[in-house]
Structure formats: C-alpha cells, structure tokens
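Visitor: I am new to this structure, and I would like to know what stands behind the words used to describe it. Could you show it to me and then take the terms one at a time?

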Amino acid sequence: MGRKQARGAATLEQEPDLANQLYVTVGKISRALRRDAGQPLVGHGALSALTVLSYLGPMRPGELANRETVSAASMTRIIAALERVGYVSRKRDPDDGRAFLVEATEDGHRVVRQGRAVRVESLRGRLDRLTAKELNEVVTALPALEKVAAEE
C-alpha cells in the first residue's frame, strides 16, 4: 500500500496467513513465559496495571484504565486489590486537589522487577535451544518486530 517492495521481498498478499501465524506465536510465547514464571501474587490484569505504574509513574485511575483498556469500575477493583497488598498507594493530584494519583510502592516496583527477571531468564532458556542460524534469524527480525509492537 504505497510501499515499494524489494525484489523477492514478501508482501502480505503473498503471505496471507502471516498476521494470524504471528498472533498465535506471540500468544504462545507470552503464555509460556507466564507459565514458566509461576503463580504471580496478583492476577494478570493487576500485574499489568502495576507494570504500567512502575514504568510510567503515577497517574490517575482513569488514565490507567484507558491504558489498560478496562472499565473505570474494573480499574477501581484492581487498584483496591493492589493497595491491599501494599503494591500501590494513592496521593493527591497536585494539579487537582479533588483527584488522586496512583503510584507503585517500592514493594510494587520490586514485584515488577522480579517478575520481569524471571520471564527474561525463561526466554533466555528458550532462545538457548535455538541453533545459531535460528538465533540469527530472531536477531535480524527484532527491529521489525519492535516496529510492529510500537504504539502509535
């Protein structure tokens, strides 16, 4: 669609199942890494929200709900659960005293760091099973995959 293809380069018209195959494969990798990491102390949705707070910093619950594509009511329950275990805290929004921000506590940051380390180590073990040629193919594909993953 407007892009010029190099001679012999694949196009989506030539590879109609590419998107489906990539979707399935990425999903399998994600599930395998979650499984390898063991049972988290909080649910997947709560861990995802905690990760956003850990990396992006404090934000209003509505903004967090939008980023996580869940309803405000669902995010309220997620925040309450994270607050009960001490992974997030609330503070007044300095720009609007009627509102509050949610932020990851040090324990929350630690949970995110440890979870990521376990998943990275699991992925490293899976990559170790590849041949040198296969590993090189992954390295070569990584910039394109990062582009696919980029938010617009």
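Guide: Let us begin with aspartate 93 and arginine 60, whose side chains meet in a salt bridge, with 2.6 Å from N to O. This is a predicted model, in which local features need pLDDT of at least 70 and side-chain atom pairs count only at pLDDT 80 or more, while totals for chains, interfaces and linings use all residues. Residues are numbered from 1 along each chain as its sequence is written, and side-chain values use heavy atoms, with hydrogens and water left out.

Visitor: Why is the contact of aspartate 93 and arginine 60 called a salt bridge?

Guide: The term asks for a side-chain nitrogen of Lys or Arg within 4 Å of a carboxyl oxygen of Asp or Glu. The N to O value for this pair is 2.6 Å, so the pair meets that definition. In general, side chains of opposite charge can pair when their charged atoms come close.

Visitor: What makes aspartate 93 count as buried or exposed, and how does arginine 60 count?

Guide: Buried means under 20% relative accessible area, exposed means over 50%, and partly exposed lies in between (1.4 Å probe, protein chains only). Aspartate 93 has 7% and is therefore buried, whereas arginine 60, at 34%, counts as partly exposed. Arg60 and Asp93 also belong to a network of salt bridges that includes Asp96 and Arg98.

Visitor: How do you know that arginine 67 and glutamate 63 are separated by about one helical turn?

Guide: They are 4 residues apart in helix α3, and therefore about one helical turn separates them; helices here are DSSP runs (H or I, at least four residues), strands are runs of E with at least two, and both are numbered from the N terminus. The side chains of arginine 67 and glutamate 63 meet in a salt bridge at 3.7 Å, N to O. Arginine 67 is partly exposed because its relative accessible area is 44%, and glutamate 63 is partly exposed at 38%.

Visitor: What makes β1 and β2 a pair of strands?

Guide: Two strands pair if DSSP finds at least two bridges between them. Strand β1 (residues 88-93) and strand β2 (residues 96-104) are joined by 6 bridges and run antiparallel, so they satisfy that rule. They form a hairpin with 2 residues between them, and lysine 91 stands opposite leucine 101 in β2.

Visitor: Why is threonine 69 called exposed?

Guide: Threonine 69 has a relative accessible area of 69%, and therefore it is exposed. Threonine 69 is found in the loop between α3 and α4 (72-84), and its phi is near 50°, a positive value in a residue other than glycine. Most residues other than glycine have a negative phi.

Visitor: What makes Leu22, Val26, Leu142, Leu145 and Val148 a nonpolar patch on the surface?

Guide: Patches are made of residues with over 30% relative accessible area and no salt bridge, with like charges joined within 9 Å and nonpolar side chains (Val, Leu, Ile, Met, Phe, Trp, Tyr) within 5 Å. Leucine 142, one of these residues, is partly exposed, with a relative accessible area of 42%, so leucine 142 passes the area cut-off of over 30%. Together the five have about 410 Å² of accessible area, a value from the Shrake-Rupley method with a 1.4 Å probe, where for residues only the protein chains shown count as cover. Helix α6 gives the most to the nonpolar patch, with 3 residues.
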